[in-house]
Amino acid sequence: RSGSEDLLAVFESNRACVMASLVPEAYKSRIEGLSHIEDITGEVRHMIVYAPKKSLTIAGVEPHKFRNFKGIKISEAEYEDFKKDPHGVIIGKKVKRIFKWKTGESVALQGMNFNIRGVFRLPLSVYNGMIIFHKEDMQKLINKEGYFTAITLKIDSPKNKAEVSKTVEQLFADHPAGISCKSETEFWGMTEKQMGDFG
């Protein structure tokens, strides 16, 4: 379901680099009660350069929610192993191809230590080139405790997008860097473009 029509992203609008967006986790509970919202989660993203001119996105997610939002293809057993291991990660098939990591392996990469718990795929998606961590582990690794890059909202119908966006933006009108609420496709599309420019 990545980029599906019923997902919205809540992020800081006035940042030169979209990946630097910092949305306080506490905003989740303020959004939760709004009408037309069926579910809510958050993601914290970061970029690493693993070889000259080659970069990867790493992301921290809420494992109990992530699969419902993204519809990734992964075996039930592997996903359960990921959920249970606070230092576990799942990797996209492209990452597996680059590093030749195997499920069950413990890996050290640029000062990060993690356990490969599974390999997933997602049709036509940038996620295939990502390493997915638990949110808390990732926040510690990149010193962003208590923050998401974006909060993702699942709404009851695409026709309510404009109404929800407006309500959320008004709710956080006092945020110093401004808060935007746009379709998730549009938001992560901006980050991928910036990463491409960077690469």
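These are my notebook entries on a predicted model of a protein.

**Entry 1: overall build**

I began with the secondary structure. I found 7 helices and 11 strands in the protein. Next I looked up the radius of gyration, which is 16 Å. The globule rule gives 16 Å for 199 residues, so the protein is as compact as a globular protein of that length. I then took the extents of the C-alpha trace. Along the principal axes they come to about 45 × 35 × 30 Å.

**Entry 2: burial, contacts and surface**

How much of the protein is buried? I get 50% of the 199 residues. I also checked how far along the chain the contacts reach. Of those between residues at least 6 apart in sequence, 74% join residues at least 24 apart. The exposed area is about 9,400 Å². Carbon and sulfur atoms supply 52% of that area. For charge, I counted 30 positive and 26 negative. Their mean positions lie 7 Å apart.

**Entry 3: the nonpolar cores**

Nonpolar side chains tend to be buried together in soluble globular proteins. I went looking for such groups here. The largest nonpolar core holds 19 residues. Which residues have the most contacts inside it? They are Phe66, Ile72, Ile90, Tyr127 and Ile132. I listed the elements that give two or more residues to this core: strands E1 (7-12), E4 (54-61) and E8 (130-134), with helices H3 (76-84) and H7 (184-198). Another core lies apart from it and has 17 residues. Val89, Trp101, Leu109 and Met112 are among them.

I followed up on isoleucine 90. Leaving out neighbours within four places in sequence, I see isoleucine 90 in contact with Phe66, Ile72, Ile74, Tyr79 and Phe82, among others. The list also includes Arg117, Gly118, Phe120, Met130, Ile131 and Ile132. Two of these partners, Phe66 and Ile72, I had already noted in the core.

**Entry 4: serine 183**

I placed serine 183 in strand E11, residues 179-183. Is serine 183 buried or exposed? Its relative accessible area is 16%, so it counts as buried, the cut-off being under 20%. With neighbours within four places set aside, serine 183 is in contact with Leu7, Leu8, Ala9 and Lys161.

**Entry 5: isoleucine 37**

Isoleucine 37 sits in strand E3. I find isoleucine 37 buried, at a relative accessible area of 14%. Residues up to four places away in sequence aside, isoleucine 37 touches Ile31, Leu153, Lys154, Ile155 and Val164. I also took a distance to isoleucine 131. The two residues are 94 apart along the chain, and their C-alpha atoms are separated by 28 Å.

**Entry 6: positive phi outside glycine**

Last, I looked up two backbone angles. Histidine 36 has phi near 75 degrees, a positive value in a residue other than glycine. Where does histidine 36 lie? I find it in the loop between helix H1 (27-32) and strand E3 (37-51). Histidine 36 is partly exposed, with a relative accessible area of 24%.

Asparagine 143 is not a glycine either, yet its phi is positive, about 55 degrees. I traced asparagine 143 to the loop between helix H5 (135-141) and strand E9 (147-148). Its relative accessibility is 65%, so asparagine 143 counts as exposed.

Terms used: Residues numbered from 1 in each chain as written. Predicted model: local features only at pLDDT ≥ 70, side-chain atom pairs only at ≥ 80, totals over all residues. Heavy atoms only, no water. Helix = DSSP H or I, 4+ residues; strand = E, 2+ residues; numbered from the N terminus. Rg over C-alpha atoms; globule rule 2.2 N^0.38 Å. Buried < 20%, exposed > 50% of the residue type's maximum accessible area, 1.4 Å probe, protein only. Contact = heavy atoms within 4.5 Å. Areas by Shrake-Rupley, 256 points an atom, 1.4 Å probe, with all protein chains shown as cover. Lys, Arg positive; Asp, Glu negative; His and termini not counted. Charge placed at Lys NZ, Arg CZ, Asp CG, Glu CD. Core = buried A, V, L, I, M, F, W, Y, C linked by side-chain atoms within 4.5 Å.
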